[in-house]
Amino acid sequence: CAALAATASLPASAGVAELLLKKGMITPDEYAALKQEAAAEERLQFRRDFVVYDESRQRLATAVTQWVVMGRASRRVERFPGYVAALQPEAPPLAQENGDIRIPALRDGRSGPLFPVRLADIDQNQHVNNVRYMDFSLEAAYQAGETNEPVRIDLIFRAEGLRGDVIGCLSAEEKGEPHSLIHSLFRQGDGQELVRVRTVHA
């Protein structure tokens with residue numbers, strides 16, 4: 001799954017911006033061949049879908065991701081450069097029709113483990129690698145008493161985690177959804193929420 005949640009940089013010719021993963025929805029089953037579906041531009045977001053197939057071309061898992069361009073100096077979301085927008089197909093096939101990810105804010109919950117950010121957690125853009133947040137969330141789910149296997153993970157990235165941060169976690173059951181947990185991963189120093197996560201287990 002690392003490729004599904006990696007942070008990527010724009011070509012060097014772009015110079016002043018980074019392409020950052022904003023949201024992701026992953027439904028795993030087992031490892032097999034990975035195919036990237038055509039992407040679509042949605043306002044200031046760029047959608048890219050992935051599908052995992054087995055040898056007989058049966059679909060095993062899907063991932064829906066939404067990306068944004070952030071200015072390196074301003075740290076603000078910007079519009080996609082024209083040369084990127086020009087590459088988008090008019091009606092791309094989508095891995096899932098409903099790719100919109102909504103996770104309710106967590107006002108109160110059970111305090112989970114603390115995760116000091118190590119050098120090994122950092123990606124090429126000097127942020128916490130997105131995959132690490134999945135690890136943190138699954139560890140928090142286990143400590144909250146969930147012992148079933150994860151079958152879906154939704155993530156909404158809200159701010160950047162950096163080396164030296166200590167990341168805390170609150171977890172709570174999602175109302176009306178058995179075996180669905182909401183997690184708020186936040187920076188201990190200032191309370192800034194970094195990632196909002198839903199883990200679904202079965």
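Arg132 is found in helix H2. Helices here are DSSP runs of H or I with at least four residues, strands are runs of E with at least two, and both are numbered from the N terminus. The model is predicted: local features need pLDDT of at least 70, side-chain atom pairs count only at pLDDT 80 or more, and totals for chains, interfaces and linings use all residues. Residues are numbered from 1 along each chain as its sequence is written, and side-chain values use heavy atoms, with hydrogens and water left out.

**Around Arg132**

Leaving aside residues up to four places away in sequence, Arg132 touches Arg118 and Asp121. Contact means heavy atoms within 4.5 Å. The side chains of Arg132 and Asp121 are also joined by a polar contact of 2.6 Å. A polar contact is a pair of N or O atoms within 3.5 Å; within protein, one must be able to donate a hydrogen and the other to accept it, and residues adjacent in sequence count only if both atoms are side-chain atoms.

Arg132 also meets Asp135 in a salt bridge. Both residues lie in helix H2 (residues 130-143). They are three residues apart, about one turn of the helix. Asp135 is partly exposed, at 35% relative accessibility. Buried means under 20% relative accessible area, exposed over 50%, and partly exposed in between (1.4 Å probe, protein chains only).

**Salt bridges**

The whole structure holds 10 salt bridges. The term covers a side-chain nitrogen of Lys or Arg within 4 Å of a carboxyl oxygen of Asp or Glu. Side chains of opposite charge can pair when their charged atoms come close. Three of the bridges are tabulated here.

| Acidic residue | Basic residue | Closest N to O distance |
|---|---|---|
| Asp121 | Arg118 | 3.1 Å |
| Asp135 | Arg132 | 2.3 Å |
| Glu193 | Arg196 | 2.8 Å |

Salt bridges link Arg118, Asp121, Arg132 and Asp135 in a network. Within it, Asp121 is buried, with a relative accessible area of 0%. Its partner Arg118 is partly exposed at 46%. In the pair Glu193 and Arg196, both residues are buried.

Another acidic residue, Asp154, sits in strand S10 (residues 150-157). Asp154 is buried, at 0% relative accessibility. Its side chain makes a polar contact of 2.9 Å with that of Arg152.

**Aromatic rings**

There are three aromatic pairs in the structure. The rings of Phe115 and Phe136 have their centres 4.3 Å apart and their planes at 15°, so this pair is stacked. Phe115 lies in strand S9 (residues 115-116) and Phe136 in helix H2, so the pair ties together parts that are 21 residues apart in sequence. Rings of Phe, Tyr and Trp (its six-membered ring) pair if their centres lie within 6.5 Å; planes under 30 degrees apart count as stacked, over 60 as edge-to-face and the rest as tilted. Both Phe115 and Phe136 are buried. Ring pairs also build a cluster of Phe115, Tyr133, Phe136 and Phe157.

Elsewhere, Arg57 lies over the face of Tyr53, at 4.1 Å from the ring centre. The criterion for a charge over a ring is NZ of Lys or CZ of Arg within 6 Å of the ring centre and within 35 degrees of the ring normal.

**Glu139**

Glu139 is found in helix H2. At 33% relative accessibility, Glu139 is partly exposed. Beyond residues up to four places away in sequence, Glu139 touches Pro113 and Phe115. Glu139 and Pro113 are 26 residues apart in sequence, with their C-alpha atoms 7.9 Å apart in space.

**Positive phi in loops**

Gln126 is not a glycine, yet its phi is positive, about 70°. Gln126 lies in the loop between S9 and H2 and is exposed, with a relative accessible area of 52%. His179 also has a positive phi, near 60°. The loop holding His179 runs between strand S11 (166-173) and strand S12 (180-187). His179 is partly exposed at 42%.

**The chain as a whole**

The chain has two helices and 13 strands. Of its 202 residues, 47% count as buried. Among contacts with a separation of 6 or more, 66% come from residues 24 or more positions apart. The accessible surface of the chain is about 10900 Å², and 50% of this belongs to carbon and sulfur atoms. Areas come from the Shrake-Rupley method with a 1.4 Å probe; for residues, only the protein chains shown count as cover.
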